[in-house]
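User: I am new to this structure and would like each descriptive term justified. Could we go through the reasoning step by step?

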Amino acid sequence: MLKHTNVPSPYSHQSQSPQTKNKTLVVGLTGGIGSGKSAASAWFAEQGIDIIDADVIAHEIVAKGSSTLRKIQKKFGDWVLNGDGSMDRAAVRTHVFTHPDALIELEAITHPAIRETAKAQLAASTTPYIVLSAPLLIEAAEAGLANLCQRVLVMDATEDTQLARASQRDEQSVQKIKAIMVNQLSREERNRHADNVVLNESNLVDLYSQLEPLHQEYLILAQQLKFAAD
């Protein structure tokens, strides 16, 4: 079921932010674990729309030898590195999970790098509009990714559906998936921040039937934004 929220203008989300004053419509795509963000991203990509994935960027910026990884090493110590010089993700993840202050310090390093990389990729895009996919688009306010978007599209699903999909896809325990869900916004709160909500409770055919009218809507809004910016 496709839901539209009432917004004051066709591209009103954060429209007053100086970072969004460009000629290209940016649609922020988000949702809880197992909600169908990857399936939606894949469909938009098939329509010829550029997808910028914050998760992919987050991995790229801490690649072996990167300046961001060097900053993390300087802040926390050599233990953050594997023997080959790559980031020991498991060790860092465990550390920040048990030390909340460390998570804040880590994000102070990674979030600006994620944002700048996303901005560079947005600037390089030539598609009518762009989808910026970020699981914590709304939660991670410090990263400022939501401020780069004129629209926010939320993939929504019930908790039971999220658990079923996530456990089947990643073979994670239900307890681990629930722990991830606890650290994400509730469905109600996430949907409250959305311009569009897609309830993804059925199959891919149903999902695509909901995405198609949104795609057409975004094409129109993108054209309006381009004309307004000229």
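Analyst: Helices and strands are DSSP runs, of at least four residues (H or I) for a helix and at least two (E) for a strand, numbered from the N terminus. The model discussed here is predicted. Its chain has nine helices and six strands. G34 is found in the loop between β2 (25–31) and α1 (37–46).

User: Why does G34 count as buried?

Analyst: A residue is called buried when its relative accessible area is under 20%. G34 has 3% relative accessibility, so G34 counts as buried. Residues distant in sequence touch G34: setting aside those up to four places away, its contacts are T161, Q162, R165 and R169. In addition, the C-alpha atoms of G34 and E159 are 9.0 Å apart, although 125 residues separate the two in sequence.

User: What makes A146 buried or exposed?

Analyst: The place of A146 is in the loop between β4 and β5. Its relative accessible area is 15%, under the 20% cut-off, and therefore A146 is buried. Between the C-alpha atoms of A146 and V26 the separation is 9.7 Å, with their positions 120 residues apart along the chain.

User: How do you know whether L225 and L69 are buried or exposed?

Analyst: The same cut-off of under 20% serves for both. L225, in helix α9 (residues 204–229), has a relative accessible area of 8% and is therefore buried. L69, in helix α3, is at 3% relative accessibility and so counts as buried. L225 lies 7.0 Å from T24, C-alpha to C-alpha, across 201 residues of sequence. For L69, M87 is 18 residues away in sequence and 7.2 Å away in space, again C-alpha to C-alpha. The residues that L69 touches, beyond four places in sequence, include I61, V62, L81 and M87.

User: What makes α4 oblique to α5?

Analyst: Helix α4 (residues 89–98) and helix α5 (residues 100–124) pack at an angle of about 125°, with axes 5 Å apart. That angle is neither in the roughly perpendicular range of 65 to 115 degrees nor over 145, the limit for roughly antiparallel, so α4 is oblique to α5.

User: Which residues form this contact, and how do they divide by type?

Analyst: From α4 come V92, H95, V96 and T98, which meet P100, A102, L103 and L106 of α5. The contact residues comprise six nonpolar, two polar and no charged.

User: What is meant by a nonpolar core, and which residues touch the most other members of the largest one?

Analyst: Such a core is a set of buried residues of the nonpolar kinds Ala, Val, Leu, Ile, Met, Phe, Trp, Tyr and Cys, joined through side-chain atoms within 4.5 Å. The largest has 32 residues, of which I72, L132, L137 and L145 touch the most other members. Elements giving two or more residues include α2 (54–60), α3 (67–76), β4 (129–133) and β5 (151–156). The largest share, seven residues, comes from α5. A second, separate core holds 19 residues, including V27, A40, Y129 and L153.

User: What does L132 touch?

Analyst: Beyond four places in sequence, its contacts include V26, V27, I52 and L145.

User: How much of the chain is buried, and how many of its contacts span long stretches of sequence?

Analyst: Buried residues account for 44% of the 230 in the chain. Of the contacts between residues at least 6 apart in sequence, 78% join residues at least 24 apart. The chain exposes about 11900 Å², and carbon and sulfur atoms supply 54% of that area.

Technical notes. Residues numbered from 1 in each chain as written. Predicted model: local features only at pLDDT ≥ 70, side-chain atom pairs only at ≥ 80, totals over all residues. Heavy atoms only, no water. Axes fitted to C-alpha atoms, helices over the stretch in contact; angles between N-to-C directions. Parallel < 35°, antiparallel > 145°, perpendicular 65-115°, else oblique. Contact = heavy atoms within 4.5 Å. Nonpolar A, V, L, I, M, F, W, Y, C, P; charged D, E, K, R; others polar. Buried < 20%, exposed > 50% of the residue type's maximum accessible area, 1.4 Å probe, protein only. Areas by Shrake-Rupley, 256 points an atom, 1.4 Å probe, with all protein chains shown as cover.
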